Amino acid sequence: MFFTKHRQLVRWIIIIASFGIISLILWNTYVFFQKFKEEERKKMEIWSFAQQDIIQNMDLNGDIGNLPLKILESNNTTPMIKVNEDGTMDFNNIDEKETEDETYLKSLIEQFKGENKPIEIKYKDKVLSTLYYGNSPLLNKLKYYPLALLLIILLFGAVVYFFYKSSKNATENKLWSGMAKETAHQIGTPLSSLIGWTEILKTENTNPEYIKEIEKDINRLQTITERFSKIGSLPTLEQLDIVEETKDAYSYLKSRSSKLINFSIDAPDTPIYVNLNRQLYGWSIENLVKNAIDAMKGKGNLRVQITPHQKYVDITVSDTGKGISKKEFKTIFEPGYTTKKRGWGLGLSLTKRIVEDFHDGKIKVQLSEIGVGTTMLISLKTV
């Protein structure tokens with residue numbers, strides 16, 4: 001019960017705890033790396049003391065003993081170069097073939113200097129040789145372990161971000177779908193009543209022209225109701241002539257728009273069949289035409305063109321309105337974006353969803369210039 005009510009809180013607790021655990025592992029790895037490096041330093045210092053002991057015993061013609069030799073032989077992992085006073089070099093844990101390349105040895109000494117501070121081997125306050133050593137193979141592996149953990153943190157953060165974003169989008173889609181279905185349900189009740197009253201008016205010898213116009217608007221309301229009911233679920237597609245469907249949506253708005261707008265349509269005489277949902281496709285065309293009319297403020301030229309290609313068909317809606325700047329070409333399709341004082345900013349976002357999600361097509365701003373006009377393009381696959 002607690003998890004159901006506080007789902008969001010629990011989710012964030014898990015995310016924060018996960019980041020905390022990974023950060024703790026990262027810090028402990030870093031500390032372990034530093035301690036291991038210190039241990040290797042101590043081993044190399046002991047190795048240098050063994051060298052000094054051997055030099056001292058040789059100078060005194062004494063017995064070297066087994067301990068210094070055992071110490072020198074014990075190092076079989078850490079690569080080192082001992083540069084003697086006369087310039088000669090001794091090597092340990094370095095490939096013999098590589099020791100023949102003087103340039104490579106110099107670069108290796110510089111690398112060892114960067115990894116660890118050189119150790120001077122002295123006798124009677126005189127530096128007899130300098131020991132350069134690098135990190136052991138195990139230490140080199142540990143060096144990259146924190147980087148791997150950082151990469152894991154970044155990937156984990158990306159997964160969390162996309163999960164949260166997809167979860168948020170899913171919630172928003174569910175909300176909009178619910179609102180769409182509820183709107184369709186709410187319209188349905190008065191619509192049924194209007195249909196009944198229309199039948200009554202027919203028996204009252206009312207002017208047939210009036211009834212004809214009322215029936216047109218009732219049919220329009222029925223279409224809107226179907227649109228809202230379908231937007232909340234996966235719509236059914238059928239093979240339809242896109243030329244006819246485009247003309248129907250275009251003609252409805254043409255007859256109800258300002259006479260100051262010069263409407264024109266350029267379409268083939270032959271049918272072009274596409275998998276369509278009649279109500280939703282008509283809605284998308286109407287949205288584009290309405291936006292064009294608003295952009296021209298009720299006065300200008302509006303042209304719809306249908307251009308068939310081998311495997312797809314293009315539908316363009318062009319206007320002579322105020323135009324769109326290039327930086328807004330993608331922004332206009334985002335929910336909430338609008339230039340109208342009383343607009344909701346859902347028309348183009350809804351059109352994009354209808355075209356791309358439901359019809360597997362593409363929609364974009366094909367061309368636009370401030371003060372000249374805009375051309376919107378829809379591309380759909382033909383059958």
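Is Gly347 buried, partly exposed or exposed in this predicted model? With a relative accessible area of 31%, Gly347 is partly exposed, because this class lies between buried, under 20% relative accessible area, and exposed, over 50% (1.4 Å probe, protein chains only). Gly347 belongs to helix 9 (residues 347–358), where helices (H or I, at least four residues) and strands (E, at least two) are DSSP runs numbered from the N terminus. Between Gly347 and Asn291 the C-alpha to C-alpha distance is 8.3 Å, although the two are 56 residues apart in sequence.

The model is a predicted one, in which local features need pLDDT of at least 70 and side-chain atom pairs count only at pLDDT 80 or more, whereas totals for chains, interfaces and linings use all residues. Residues are numbered from 1 along each chain as its sequence is written, and side-chain values use heavy atoms, with hydrogens and water left out.

The secondary structure of the protein consists of nine helices and 11 strands, and 35% of its 383 residues count as buried. Among the contacts (heavy atoms within 4.5 Å) with a separation of 6 or more, 68% are accounted for by residues 24 or more positions apart. The protein exposes about 24600 Å², of which carbon and sulfur atoms supply 57%, the areas being obtained by the Shrake-Rupley method with a 1.4 Å probe and, for residues, with only the protein chains shown as cover.

An open sheet of four strands follows the order 2-1-4-3 with antiparallel pairing, two strands being taken to pair if DSSP finds at least two bridges between them. Its edge strands are strand 2 (89–92) and strand 3 (119–123), each of which pairs on one side only. Neighbouring strands of this sheet are turned by 20° against each other on average, direction ignored; axes are lines fitted to C-alpha atoms, for helices over the stretch in contact, and angles run from 0 to 180 degrees between N-to-C directions. Helix 4 (residues 102–115) packs on the sheet, where it touches strand 1 (80–84), strand 2 and strand 4, and its direction makes about 110° with that of strand 1.

Strand 4 (residues 126–133) pairs with strand 3 in the antiparallel sense over five bridges, and five bridges also join strand 4 to strand 1, again antiparallel. On the side of strand 3, Ile121 stands opposite Ser129 and Ile119 has Leu131 as its bridge partner, while Met80 is the bridge partner of Tyr133. Strand 4 is mostly covered, with six of its eight residues buried. In the hairpin of strand 3 and strand 4, two residues lie between the strands, and Lys124 takes a positive phi near 55°.

A further open sheet contains five strands in the order 6-8-9-11-10, with mixed pairing. Strand 6 (261–266) and strand 10 (362–369) stand at its edges, each with a single partner strand, so one side of each is left without a neighbour in the sheet. Here neighbouring strands are turned by 15° against each other on average, direction ignored. Helix 8 (residues 278–295) packs on this sheet, touching strand 6, strand 8 (300–308), strand 9 (312–319), strand 10 and strand 11, and its direction makes about 25° with that of strand 9. Strand 10 and strand 11 (residues 373–381) run antiparallel and are joined by seven bridges, with Leu367 opposite Thr375 in strand 11.
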